[in-house]
Every structure is written in C-alpha cells, then in structure tokens.
Amino acid sequence: MCATEMPQLTWRNAERKRLFCCGASLCKGCFDETAQKVASSAVDDGSAEDVPSCPQCSGSLLMSDSVQMERLREHAEAGKAWAQYELGSRCESGNQGVTQELADAAYWYELANDQGYPLAPASLGACLLIGWEGTEKDYARAKKVLLPAAKKGDARAQRYLAQIFDGGLGVPPSQSDSILWLERAAEQGFAQGQADLGYMFEHGRGVTRSMKTARKWYKLAADQGERNAQFLLGGLLLNTKGERSLPTAMRLCRMAASQAHLDAIETLIQMETNLKRSCSHCRGFKEGLTRCSRCKAAYYCGSDCQMAHWKAGHAQDCCDSGPDCSHLLAMATGTSN
Ligand SMILES: [Zn+2]
Ligand SMILES: [Zn+2]
Ligand SMILES: [Zn+2]
Ligand SMILES: [Zn+2]
C-alpha cells in the first residue's frame, strides 16, 4: 500500500486520492505514479499489457471514465463519505463525466457532512449560500454548518462565515466579525482569505484603512497564485505609486488574466490601449511606437527616447512582463481571426 503516512484530511491537506475499485487511498505522489502506469499500459490497439492492479483488492486499474463514474456512484450510494464528497464536487464543478447540478452537489455534500467528513462543511455551506434552482438560499443553515468547522480551524469555512457577517446574510451585518474570521483564515495561509482580508484593509471595511496592510495580504495571496489578489494588488500599485510601478502592475494583471480573471483582462485591454497612444518618455503621439520588449509596459517613438526613459528610472521599474496573454485579449476584443 502507500508507504507515505497519510496526513489528516483538512482544507490544507486534501491531497489524498482514492482508487475507485475498492476505495483504497493513496497519497498524491503514489496516485499520479499509478495513473501514469495505467495510461502507458493501455497500448494503441486497445489490448492492455501489464495493467497495474490495485494493491488492496488486486482489481485491474484500467477503467473507462464511465466505469469509473459508475464505481464512484456505487461507493457513494453504499455510504462511503469520501465518495459522496467526491461525487458532490464533480456535480458542483460539472466536470469529469457529470453534468453541473448544484442541487445534486448539495445532496451528496450533505450526506458526507452527516458522516463528519472533514471537507464537507465548507462545500455544503457554500452551496447553501448560493442556492440552486427550486430552492431558496439558506443562510441560517449555512451558518449552522460552517460555524463548527470554522471553529475547528477550517479556513474555507472561516472565509464563507466572514462573507455571511460582511453581507449580513441572515445575521445582523458585522464587519468586525467578518474581519475576525478572515484574519483566522488568512493567518493560516489560505490565499483566498488573504485576498479578502487585503480588500477589507484597502477599503477600510471593519478595520482602519491601510494600504500597507492591504498590500501585505494581497502579496501573500498573489505569491500563492491567487488570481483576484494578483489583480487587486496590481490596481493598488497603480493607485498608490502612480506610473513608477506600471510594469509590475501590468505583470500582476497579466498573471490574473492568464487565469481567466475577467476584470483583469478588461483592465489590461484598457491599459494597453492607453499606453500605445503616446511615447512613454516624450509623450509624443505617433503611429507605430516600439514597445519595451522586456516589460511590454512602455512605448517609444525611437531609441533615443527609450534610452532617456531607461536612465530616467525605467531601469528600476522595468521587469519581466509575466505570462503572454495577448491571445486572451484578442479573444476578448473580438480581434482574433
Ligand atoms: Zn504514497
Ligand atoms: Zn482496489
Ligand atoms: Zn518619444
Ligand atoms: Zn521595460
């Protein structure tokens, strides 16, 4: 079986994978290795050789997607909490062979939650906050489900609870309670909690407005790849320091845009349109300006202006441009072919 001692299942550590034959659990490393072996054992002509078998039940691990789904459903119906949760999350996201249906997701999450499955409360709470067709949002129940999990340290539950208090969803609005829960989530290193907390500081919601603290939380989340934090940090840099941090702001925006953050895509289009209108150094208007190839955040009418701008401070400001998302921008503006 998997030699790695399985860490306790928490919001932070959901890296436990199941084999759908018998539900044997593997760490992510072993699971990926096994999946690779299965993939390479399925040879082109459909015949399979040396198919790895399950270390627990010795069953063949070569299963079509539909058979996998069938097995998963059987496990869920037989009352296995892990399968109920897994099926719930597939219903929620609508991928891996399931149609997206929030009512089904909530149904399976509910069953997993009844069995005390550690990841279930936050997911169920989120469903209840959104509501689904034929059902009202149920804020009171969401709070009831989320609160115990939040108290136990579930950062996802803490963040949803913060949303309940901030929005006054079924409770009197309390930004201070919202901050309390967000801080607990953020301090545990939960990126989305950090991004939300940064937002509260940027806008002085429930706390004294502080750009410095906002920046700190945005940065921590952005460094973890959280796209909203990347976008918000970019905006903050632009508004607080002006043009000097433009290349960094644009890089952050591109990082968010490459993860399909719609506001980031829109902002980038706006920024690029404005930028290429005039030389970043002499401000002259001219057709066909050349772009700084490194940061892609400055335009020049010629090499003289580029040189002068470099000496005037662009040498410090210029940075790597971040991911290329020109195809996304082209798609958004409908200029793709
Ligand atoms: Zn392992
Ligand atoms: Zn098995
Ligand atoms: Zn110029
Ligand atoms: Zn540059």
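Which residue just after α8 takes a positive phi? G189 does, at about 90 degrees. Keep in mind as you read on that this is a predicted model.

## The whole chain

Let's start by zooming out. The chain has 15 helices and 4 strands, and its C-alpha trace spans about 70 × 60 × 40 Å along the principal axes. There are 337 residues in the chain, and 39% of them are buried.

How do distant parts of the sequence meet? Take the contacts between residues at least 6 apart in sequence: 47% of these join residues at least 24 apart.

The domain assignment gives two pieces to look for. Domain 1 is made of 1-25 + 68-137, and domain 2 covers 243-337. Measure from C-alpha centre to C-alpha centre and you get 43 Å between domain 1 and domain 2.

## Helix α8 and its surroundings

Back to the helix we opened with. Helix α8 runs over residues 175-187, which makes 13 residues. From first C-alpha to last it reaches 18 Å, close to the 18 Å expected at 1.5 Å a residue.

Seven names are worth finding on the screen: S178, I179, W181, L182, R184, A185 and A186 are buried in α8. Their cover includes α6, α7 (155-167), α9 (191-203) and α10 (211-223).

## Helix α4, a similar story

Now hop back along the chain to α4, at residues 102-114. This helix has 13 residues and also reaches 18 Å between its end C-alphas, close to the expected 18 Å. Just after α4 comes G116, with a positive phi of about 75 degrees.

The buried residues here are L102, A105, A106, W108, Y109, L111, A112 and N113. Among the elements covering them are α2 (65-77), α3 (81-93), α5 (120-130) and α6 (139-151).

## The largest nonpolar core

In soluble globular proteins, nonpolar side chains tend to be buried together. In this chain, the largest nonpolar core holds 85 residues, and the ones touching the most other members are Y109, L146, L161, Y218 and C253. Helix α12 (residues 246-257) gives the most to this core, namely 8 residues. Domain 1 and domain 2 each supply at least three residues to the core.

You've already met Y109, one of the buried residues of α4. As for C253, set aside its neighbours within four places in sequence and you find it in contact with F231, G234, A264, T267 and L268.

## Two residues up close

Why does I164, in helix α7, count as buried? Because I164 has 24 C-beta neighbours inside 10 Å, and the cut-off is 20 or more. Beyond its neighbours within four places in sequence, I164 is in contact with Y139, A142, K143, L169, G170 and V171. Pick out A142 from that list: I164 and A142 are 22 residues apart in sequence, with 8.7 Å from C-alpha to C-alpha.

A126 sits in helix α5. A126 is buried too, because 22 other C-beta atoms lie within 10 Å. Now try a pair that doesn't involve a contact list: A126 and L238 are 112 residues apart along the chain, and their C-alpha atoms are separated by 33 Å.

How values were computed. Residues are numbered from 1 along each chain as its sequence is written. Chains are lettered from A and ligands numbered from 1 in the order in which they are written. This is a predicted model: local features need pLDDT of at least 70, side-chain atom pairs count only at pLDDT 80 or more; totals for chains, interfaces and linings use all residues. Helices (H or I, at least four residues) and strands (E, at least two) are DSSP runs, numbered from the N terminus. The expected span of a helix is 1.5 Å times one less than its number of residues. A residue is buried if 20 or more other C-beta atoms lie within 10 Å of its own, exposed if 12 or fewer, and partly exposed in between; C-beta atoms are placed from the backbone. Two residues are in contact if their C-beta atoms, placed from the backbone, lie within 7 Å. Domain bounds come from an automatic or database domain assignment. A nonpolar core is a set of buried Ala, Val, Leu, Ile, Met, Phe, Trp, Tyr and Cys residues joined through C-beta atoms within 7 Å.
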